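Trainee: I would like a close look at a single part of this model, worked through slowly and set in its surroundings.

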Amino acid sequence: MWMIMAVLSALFAGITSVLAKCGIKKTDSDVATALRTVVVLAFSWIMVFVVGSLNDIRDIGTKSLIFLILSGIATGASWLCYFKALSVGNINKVVPIDKSSTILSILLAILLFDETNHLAVKLICTAVLTAGIFLMIEKKDDSEKQTRKIWMPYAVASAVFAALTSILGKLGIENVESNLGTAIRTAVVLVMAWLVVLVKGKQSLIKAIDKKELGFIALSGVATGSSWLCYYYAIQNGIVSVVVPIDKLSIIVSILFSWLVFKEKLTKKSFLGLALMVIATLAMAVFA
């Protein structure tokens, strides 16, 4: 079941990137992040009521609560960086770098959770993943290099925070029902996202948001909520060093939709990089 949930998480996460890109063509990325978090929070708490885990909130230990809060902070930071990068760069350039968080997540899972089964295979697959990501980050002409200087640091920061999110989330939901854990950490993300909007004085931009883009932002929130619920069930019940790379297969969905919707085509080099990432991920899943 956790393997199926990991695959569903990847599907919803891939759709999220495309919907979010559609929602931030004109809308400020920080404002969009704050608004979509409202949707994710509502979606998460609805699921808590559906599965009947609300009463479990009294049994959450201090340690679990601290890690859930830290995971929420890391998620908020990752989102803010990721959607800033998406607002400037192409999906098929930003997403591969963001997915490089897989590498750090796997290494941390091996060290912290002693996930050493088939260690040699995992390390080889991690090296192949790294090669695939490197191939997808292409050198461009001077004009694109200037643009890359803007989105690249945000994409890298997004990857680092995303890796921390997975590890902190695993520690936080160890003895907590996964839907409840997701709802709690989403509340932290919401507070963080709106603080950024208020500190930067961007709240006045909300009134000017295009209704069509607002619809895409809301849909991306629903997709994110669905992805999270599946993802945290998977890492709670499965192997982190396997769940994380499966989840990152969302890159296939993202790039497919970016080609269909935004006409962002892959070069042969990028396609080879994508193929390496998929092969490495599938190999880890087979040897789980």
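Is His-118 buried, partly exposed or exposed, judged by its relative accessible area? Please go on from there to the helix that follows and whatever you think belongs beside it.

Mentor: This is a predicted model, and His-118 in it is partly exposed, because its relative accessible area of 43% falls between the 20% under which a residue counts as buried and the 50% over which it counts as exposed. His-118 sits in the loop between α5 and α6, and its backbone deserves a second look, since phi is near 50°, a positive value in a residue other than glycine. As background, most residues other than glycine have a negative phi.

The helix α6 covers residues 119-136, that is 18 residues, and its first and last C-alpha atoms are 26 Å apart, close to the 26 Å expected at 1.5 Å a residue. Its buried residues are Lys-122, Cys-125, Thr-126, Leu-129, Gly-132, Ile-133, Leu-135 and Met-136. An α-helix has 3.6 residues a turn, so residues three or four places apart point the same way. In α6 the buried residues pack against α4 (91-98), α5 (101-113), α10 (240-247), α11 (250-262) and α12 (268-286).

Within that buried set, Cys-125 has a relative accessible area of 7%, while Cys-22, elsewhere in the chain, is likewise buried at 9%. The count of disulfides in the model comes to zero.

For a polar residue in buried surroundings, consider Arg-36, which belongs to helix α2 (residues 29-51) and counts as buried because its relative accessibility, 2%, is under 20%. The side chain of Arg-36 makes a polar contact of 3.1 Å with the side chain of Ser-220, and another polar contact, of 2.3 Å, joins it to the side chain of Thr-224. Leaving aside residues up to four places away in sequence, Arg-36 touches Thr-16, Trp-79, Phe-83, Ile-217, Ser-220, Gly-221 and Thr-224.

Trp-79 appears again when one turns to the enclosed space, for it is among the residues nearest the centre of the largest cavity, together with Ala-13, Trp-228, Asp-247 and Lys-248, out of a lining of 25 residues. The elements giving two or more residues to that lining are α1 (2-23), α3 (62-88), α7 (142-172) and α9 (211-237). The volume of this largest cavity is about 420 Å³, and the model has three cavities of 30 Å³ or more.

Definitions and conventions: Residues numbered from 1 in each chain as written. Predicted model: local features only at pLDDT ≥ 70, side-chain atom pairs only at ≥ 80, totals over all residues. Heavy atoms only, no water. Helix = DSSP H or I, 4+ residues; strand = E, 2+ residues; numbered from the N terminus. Expected span 1.5 Å × (residues − 1). Buried < 20%, exposed > 50% of the residue type's maximum accessible area, 1.4 Å probe, protein only. Contact = heavy atoms within 4.5 Å. Disulfide = S-S within 2.5 Å. Polar contact = N/O pair within 3.5 Å; in protein donor to acceptor, adjacent residues only side chain to side chain. 1 Å grid on protein atoms, 1.4 Å probe; cavity = no way out; pocket = protein on both sides within 12 Å on 5 of 7 lines; lining within 4 Å. Points joined across faces, edges and corners; volume = space filled by probe spheres on them.
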